[in-house]
Structures are given as C-alpha cells and as structure tokens.
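Hi,

Here is the structure I promised to pass on. Have a look at it first, and then read my notes below.

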Protein chains: 2
Amino acid sequence: MTRSGKAAQRSAGAAPTAAQEEGNRRAELVRAAGRLFREKGYEATTIRDIAHAVGMRSGSPFYHFKSKQEMLKAVMLQGLEQVRRALEDAAAGKRSPRERLRAMVRAHLSTILEPGADFVPVLLYEWRALPDEMRADIIAVKDRYEAIWDAMLRELKQAGLLRRDDTVTRLFVLGALNWVVQWYRPGERYSVEEIAGRAVEFILSQSGEAR
Amino acid sequence: MTRSGKAAQRSAGAAPTAAQEEGNRRAELVRAAGRLFREKGYEATTIRDIAHAVGMRSGSPFYHFKSKQEMLKAVMLQGLEQVRRALEDAAAGKRSPRERLRAMVRAHLSTILEPGADFVPVLLYEWRALPDEMRADIIAVKDRYEAIWDAMLRELKQAGLLRRDDTVTRLFVLGALNWVVQWYRPGERYSVEEIAGRAVEFILSQSGEAR
DNA sequence: CCTACCGATCGGTAGG
DNA sequence: CCTACCGATCGGTAGG
C-alpha cells in the first residue's frame, strides 16, 4: 500500500532504474529509522540498528544521508506529509461539519495509532533532537497542517457546535488526540474508530443526536 | 521554598548531621538530573553532565545512585509525589465542583509549567527509558494520582457539568493538559492561570456563568 | 567523594 | 554499498 505509489512510477513490468532502486533503499532506511526512533527513541537508536534493519552494514546509511539528524528530519517530513494528506482527504468529503470533524479525527488518530504508523509519533516526541536549522523546513509544513484544523474549528463554531475556535482550543484538541499514543494499545478494549467517536463527543460542546 | 521543609527537620541553628548532608547531596543530584533530563532528554544527558551541575566529578554520583536508571526513577517518583500532593491540596478546599476542577487543573499545570518544575515532564516523556522492573513502583503511585481525577470527574458528571466520567474521558482531559508543556512558553501571551481557565471551559460541556 | 581507568560503543569517514 | 578504522565519549568500577 505504501509502495503502490512508488511502483506506479515505473512502466509496468520494466526493471527499475538505478535512480529508482536508490530511492527505494532510501525509503527503506526512512521506514526502518521511523520504526526504531519510535520504539527506542532517537538517541537510543544507533545508525547500526537502522542499517542492520535493512540489511546494510554500519557505514552504508551515510551513502544516503549525511548524518543521523538528516535521517530524523526525513522521518519527520514524511510524517507531516502523511498526516496532512490524510487530513486533507478526510476534510475534502462533502459532509456536515460534525461528520467532517469525525473524519478528520479518525484520520489523525489512524496516522498516529495504526501499526506501522511511526512517522508522526516521532515527529511529536523527538523535536528536542532536531537541530534548530532543520526545524524551519518542518515548521512550514506543520503550519499548513494546523491551518486545516483551524478552518474546521471555525466552521464548527459557526455551526454552534463549539464555544471557541482560537489557537488555544486547537492546542487542547490536538493535545487530547496526540496523547492517545501514550495509552492506546492495538486490539485492547477500544478501537481507533471508537476512540475517534468519543473524541468528537468530548470536543464538541453540544452533543446533538447520534450521527 | 523547596528547601524550607528540609531545613525544618533540624533544630534551628544546629549543624546538619552527616546523614542530612548526604540526603541534601542526593536531593541536589535529583534536582539537577530532573532539569537536564527535561532539557536534553534522558539518553542525551550524561552522568558527567549531572555530576558537574552539582560540582561533583564524573564518578561520584554512583556513590548516591547505583545507576543512571536509578536516577531517572528517583526523578519520576519525586514528580509523581509532587503532582499528587499538589492535586490533593487543590481538591481538599471546600469549593463547588467547578471551582475544585479549576484548582486541580491549575495545580496540575503549575507542576508541569512553572520554572523549575522538571520532574513531571520527565515522568511524562521518558517512560521508554525506564526498565520494566522499575515501572511497577511508579505505577502504584500513578494509580493514586489518577484516582483523584476519576473522583473529580464523577462529581462533575453528577453535577451535570460533564457528559461522561469514564477512563477515556480522563485520558482526553489529561492529554489536553499534559500537551501544554509542548507549546507553553513562560511569559508569552498566556499565563498558567489563563490557560487553566480556558482548559476548564474546554473540558466542561456546560459553560455556565463566569466564575 | 576523588583519581584513574576500562571496555564498549557510537557517529562518521576514507578508500575502494 | 562494504571494509576497516578513528577519535570521542559513555556508564560504571576499584581503590583509596
């Protein structure tokens, strides 16, 4: 699924070009780095861990990345692109404000909780490890992401479903959602779908009737 | 302020005993460790950093702690005791449910945001670094902390101020609050007091009149 | 609590 | 992308 995009770039059946192979290897490294950074944390993960996870030797990742920090940056950028795309898709559907909120909450939670969804959690919890200069590139994308939420909150307020639609409210909302990664365990008691429903209910000031 | 408790243990004017001096040094190490763990993260902080912060040489902290992990555990336990005590004090005041909630939110946020309040943020964000065996000791204290919130939520629901009072609701509430450490900057735009007020408003399903 | 030290490991590089 | 390697640093210990 993650790969279908890549695969579609080459004509069917043709052997991949050298550049494509290289891109694949790079993508594999980012994926492995994301998983390890999430599981063990950036500092506790070694380049050797990442290299071995994709069948390389310790020095080889530096052929694809200049430094460990560049790998972190790549993971974070991928996480941001992923969650932003998911959110835009969710918001695009023609639905009522409430239904659109629910779709966005579900999209956000999925990107954080689904097995293999490692990029965004790394983005959320490894800021400290990122050098100042690299943050600017990330903040630009982050702003676009938050703008989608701000638009949603404005809409909800106009519909009388939310008391306030300012920045602090958005931070409370995203805080409640992002915190779910701390307690959610797959297959245990609540599904992502159920948590999304409960979150919507928690966020909105008027319960309204179901659905 | 943090020290007045300690000082009160000895009779006024008397020289501290050897055991008290030792306890003070240990407490200094915990404080320094808390600050550094918070700023740089557990993995990125070295024993040497901590030692130098209190004027010791690199090997000396091991006279007080068996390992770096034991230092982390000490920081976390102190964080939990601190936030639990603050919360119990806040909840103890004879007030309306809404006022009690506000006091608890303020207490929780203060323990996380006030300058020098490093223990709880470490507790929140360094779980990964703590070995399994040490978690049990911490979880026992954590349960007592969460029980206070559960009681508060039950009360709010009975008063018709909250739609639900189950575990997921508590997790949303604490998520929104704990996330504030990610965006709050002292002296910038919002005070802790203001954020507490906004959080209460966000949490409750009925706005009611001011105050 | 210091001095002196150790084994292990880490991010990164040169040279192919 | 591998081999071979380097300088630096780290958590921890012995012996006082």
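A polar backbone atom of K68(B) sits 2.8 Å from a phosphate oxygen of DNA strand D, which is a polar contact (a pair of N or O atoms within 3.5 Å; within protein, one must be able to donate a hydrogen and the other to accept it, and residues adjacent in sequence count only if both atoms are side-chain atoms). Keep in mind that this is a predicted model, where local features need pLDDT of at least 70 and side-chain atom pairs count only at pLDDT 80 or more, while totals for chains, interfaces and linings use all residues. Residues are numbered from 1 along each chain as its sequence is written, chains are lettered from A and ligands numbered from 1 in the order in which they are written, and side-chain values use heavy atoms, with hydrogens and water left out.

Back to DNA strand D. I47(B) also has a backbone N or O atom 3.0 Å from a phosphate oxygen of the strand. From chain A, an N or O atom in the side chain of R57(A) is 2.7 Å from a phosphate oxygen. In total, 15 residues surround the strand, and R25(A), M56(A), R57(A), S60(A) and H64(A) are the closest (near means that a heavy atom of the residue lies within 4 Å). Of the DNA strand D atoms that come within 4 Å of the protein, 62% belong to sugar and phosphate.

Now the two protein chains. Which rotation superposes chain B on chain A? One of 180°, with 0.0 Å of shift along its axis and an RMSD of 0.0 Å (a least-squares fit on the C-alpha atoms of residues with pLDDT of at least 70 in both). The two copies are thus related as by a two-fold rotation axis. A176(B) has the C-alpha nearest the axis in chain B, 2.2 Å from it.

The contact (heavy atoms within 4.5 Å) takes 37 residues from chain B and 36 residues from chain A. Since 97% of the interface residues of chain B are also interface residues in chain A, the copies meet through the same surface. Between them they bury about 3300 Å², 61% of it on carbon and sulfur atoms (accessible area, 1.4 Å probe, lost on being put together and summed over both). F172(B), W179(B) and F202(B) supply 24% of the area that chain B buries there, more than any other three residues.

Six salt bridges cross this interface (a side-chain nitrogen of Lys or Arg within 4 Å of a carboxyl oxygen of Asp or Glu). One of them pairs R198(A) with D166(B), with the closest N and O atoms 2.8 Å apart.

Cheers

Methods. Buried area is the accessible area (1.4 Å probe) that two parts lose on being put together, summed over both.
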